[in-house]
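Thank you all for coming. I would like to spend a few minutes walking through one model, going from the overall outline to some local details.

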Amino acid sequence: MPLFAAGISHKNAPLALREQLAADEGKVREILRDLVGGGVLREAVILSTCNRVEVYGVADVPGEARAVAFRHLCRQRGVEVTAVEEVLYTHAEDDAIRHAFRVASSLDSMMIGEPQILGQVKDAFALAQGCEAVGPALHTLFTQAFAVAKRVRTETEIARHAVSVSFAAVELAKKIFARLAGRAVLLVGAGKMSELAAKHLVEQGAFPIYVVNRTWARAQEMARALSGTAVPFEELETALAAVDIVITSTGAPAAVVTRDVVARVVRSRGTRPLFFIDIAVPRDVEPGVDALPAVYRYDIDDLKSVVDANIRERLREAQRAEALVEREVAKLRARLGDVEIIPTIVSLRERLEEIRAGEVRKALARLPAASPETRAAIEALSAGIVNKILHAPITKLRESSRAGAHRSWLAVVHELFGLGRRS
Amino acid sequence: MHPYLQNIAIIAYVCAMGLALAHLVQRQAYVHRLAVLATLVGWIAHTLALVVLAIEIGGPPLGTLPNAVSVVVWVVVLLEMLVERQSGVTVLGAFVLPVVVVLSLKSSVARPVTLAPALGNAWIWIHIALALVGIAAFVLNFAGAIMYLLQERQIRHKRPGRFYHRLPPLETLDRWTYRTLALGFPFLTTGLILGAVWARTAWGSVFAFDPLAFFSLVAWLIYAGTLAGRAAGGWHGRRAAYFAIVGFAALVVTLGAGFFLPGRHGA
């Protein structure tokens, strides 16, 4: 049952092509029915997101199946087949398993560790199941891919650290204040970026929120959006004394929060930490303030360098994730082999059991006077012979499946025992 | 039997320290599991060693200062394992185990001289036991202070390094040092008072010079000052952490004095 994964992704295909080829649910359903119904593929899952369009399939002739599948996709979406074939990649067998695991674990994503892809893979799988395009092989592959993705998520840190400026700021706040619940936040200036950062803080339980802005109306508008309180600009210093986290984003040409002001504020607030998140350019908070005790100040460049460090961290963690994926690929190869040989083993047993039962019946018909002991002995004898005969071929099948070379042996067993067409 | 088990314990602690430090920079989960395992092995060997010792001498193994310090180490390791398990701060071992190793080595090289013959009164055991629990709490206090300063430095210098994600938040660490201080201080205080009372009844004077008593008074004053500063003066953060380190240094000198200088606590 040759397994393959073929497609285009952000790695090699331009966005324009990905956009063109990406198909919505209805189209995917149609294509899946055509492909599996037409008998080109025995099983198929189509994953279509803005970053990748991929077909996972099981087919007797993978090369042909791949070509048919993408010809279908291209025709549906009105894309030139040649344009797609230039950038189309194909993974077979172990490489296909590895690819599925890496995609689901977000190791193949544009931003490593991004969380959406797993949901998209799950949706694609559910869609294919709905179209009855999923058989035992892809079922095993995908359920395992979900388990691997979960392990990668919990056992490595590829998704743990913030890769956006606003999340990096929230993460820093959490490293200063253990819990953000009940922390007072002051917004100075009412930009979009500061609103986003403030929303993240509010989600973590930060409360209350104060908004200071030169334009009173805008301050009130922003305060409403965040369920906070607008504070007149003149009361900035009072507000500073009361809060824990300050987000500044004014368009002012010079610093709005000076070192002198913060020095006065710090005296009144003791050693409670004060965290400035300054996302304005030019900066709103004088750089000197972080020399004051328990005052921390991060400007946009500082936050960006934190983000860069976090991305490097994700890349390091990704290497550990790759090793984990590699181990899981080996495990699944063995299981998929079992999936393929089990039906043959079952029909082999049934075939021999049929023969044995028939022969025993005949023998007993000729021995009407046989005692129950004799009958039992005949049953045991015949069962013993069948089991002895079955032992060698079954062992051979299991061994060859573990070595990945079971297909020719399956064919031989079918031929020798007359098991009919294998499915 | 006892020295043999004691050595196993020390070797296991040294391994655990190495692994815990490796985990700090290298973050492989299995390194941490090995560190925890080595700590546990060390602690079990240590427990057996103390039990065997207690049977050999027919009483609590607190009669000599090295033995008493060995009990401190035992308490510290137990607390470290419990706290690490409960709080999920997997890097704690990297900060506590070095202290454990230093104390274990120190107690194993010191001459095991029996304490003053006057020991026999139950009060003296209470004096020792209380002082030991106090010291154990201050080992954790010290580890918390070091973690605080490391984390504070990274955040202040805007260069979140390797430890940034793994060390707890500043506020947690600050609360940690406060709690361990508040826990250790009453034990140390009561221990010292009992010691002084005992000294008066046994030797007729509280102030007769004894190096260990002298330095422990210094350490007590530092901790008392820190506690007062925190409770009344609103001290926090770096200042409190620096004091925790100075106080612990005084405690280490105290034990060193007990080990190596002549006085009533040994030699």
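I will begin with chain A, then turn to two of its elements, and end with the contact between the chains and with chain B.

Please keep in mind throughout that this is a predicted model. Chain A contains 15 helices and 10 strands, and its residues are divided among domain 1, covering 3-158, domain 2, covering 176-300, and domain 3, covering 333-417. Taken over C-alpha atoms, the centres of domain 1 of chain A and domain 2 of chain A are separated by 46 Å.

How does the radius of gyration of chain A stand against that of a compact globule of 423 residues? For such a globule one would have a value near 22 Å, whereas chain A has 33 Å. Along the principal axes, the C-alpha atoms of chain A fill a box of roughly 110 × 60 × 35 Å. Of the 423 residues in chain A, 40% are buried, and if we take the contacts in chain A between residues at least 6 apart in sequence, 71% of them join residues at least 24 apart.

Let me now turn to helix H10 of chain A, residues 216-225, in which A:Ala219, A:Met222 and A:Ala223 are buried. Viewed down the axis of H10(A), the buried residues fall within an arc of 100 degrees, and they therefore line one face of the helix. The general background is that an α-helix has 3.6 residues a turn, so residues three or four places apart point the same way. What do the buried residues of H10(A) pack against? Their partners are strand E5 (185-188), helix H9 (192-203), strand E6 (209-212) and strand E7 (229-231), which belong to chain A. On the other side of H10(A), by contrast, A:Ala217 and A:Arg224 are exposed. After H10(A) comes A:Ser227, which has a positive phi, near 50 degrees.

The second element is strand E10 of chain A, residues 295-299, which is mostly covered, with 5 of its 5 residues buried. A:Val295, A:Arg297 and A:Asp299 point one way from E10(A), while A:Tyr296 and A:Tyr298 point the other way. Strand E9 of chain A, residues 274-278, pairs with E10(A) in the parallel sense over 5 bridges, and within that pairing A:Asp278 has A:Asp299 as its bridge partner.

That brings us to the contact between the chains, which takes 18 residues from chain A and 14 residues from chain B. On the side of chain A that touches chain B, helix H8 (165-176), E10 and helix H13 (300-365) of chain A each supply at least two residues, and H8(A) gives the most, with 4 residues. By class, this side of chain A has 10 nonpolar, 3 polar and 5 charged residues.

Chain B, finally, comes to 8 helices and 0 strands. Of its 267 residues, 48% count as buried, and residues 24 or more positions apart account for 78% of the contacts in chain B with a separation of 6 or more.

One residue of chain B that I would point out is B:Leu221, which lies in helix H7 of chain B, residues 211-231. Is B:Leu221 buried or exposed? B:Leu221 has 12 other C-beta atoms within 10 Å, so this leucine is exposed. From C-alpha to C-alpha, B:Leu221 and B:Ala250 are 9.9 Å apart in space, although 29 residues apart in sequence.

Technical notes:
Residues are numbered from 1 along each chain as its sequence is written. Chains are lettered from A and ligands numbered from 1 in the order in which they are written. This is a predicted model: local features need pLDDT of at least 70, side-chain atom pairs count only at pLDDT 80 or more; totals for chains, interfaces and linings use all residues. Domain bounds come from an automatic or database domain assignment. A residue is buried if 20 or more other C-beta atoms lie within 10 Å of its own, exposed if 12 or fewer, and partly exposed in between; C-beta atoms are placed from the backbone. Two strands pair if DSSP finds at least two bridges between them. The arc is that of the directions from the helix axis to the C-beta atoms. Two residues are in contact if their C-beta atoms, placed from the backbone, lie within 7 Å. The radius of gyration is taken over C-alpha atoms; the globule rule is 2.2 Å times the number of residues to the power 0.38. Ala, Val, Leu, Ile, Met, Phe, Trp, Tyr, Cys and Pro count as nonpolar, Asp, Glu, Lys and Arg as charged, and the others, Gly among them, as polar.
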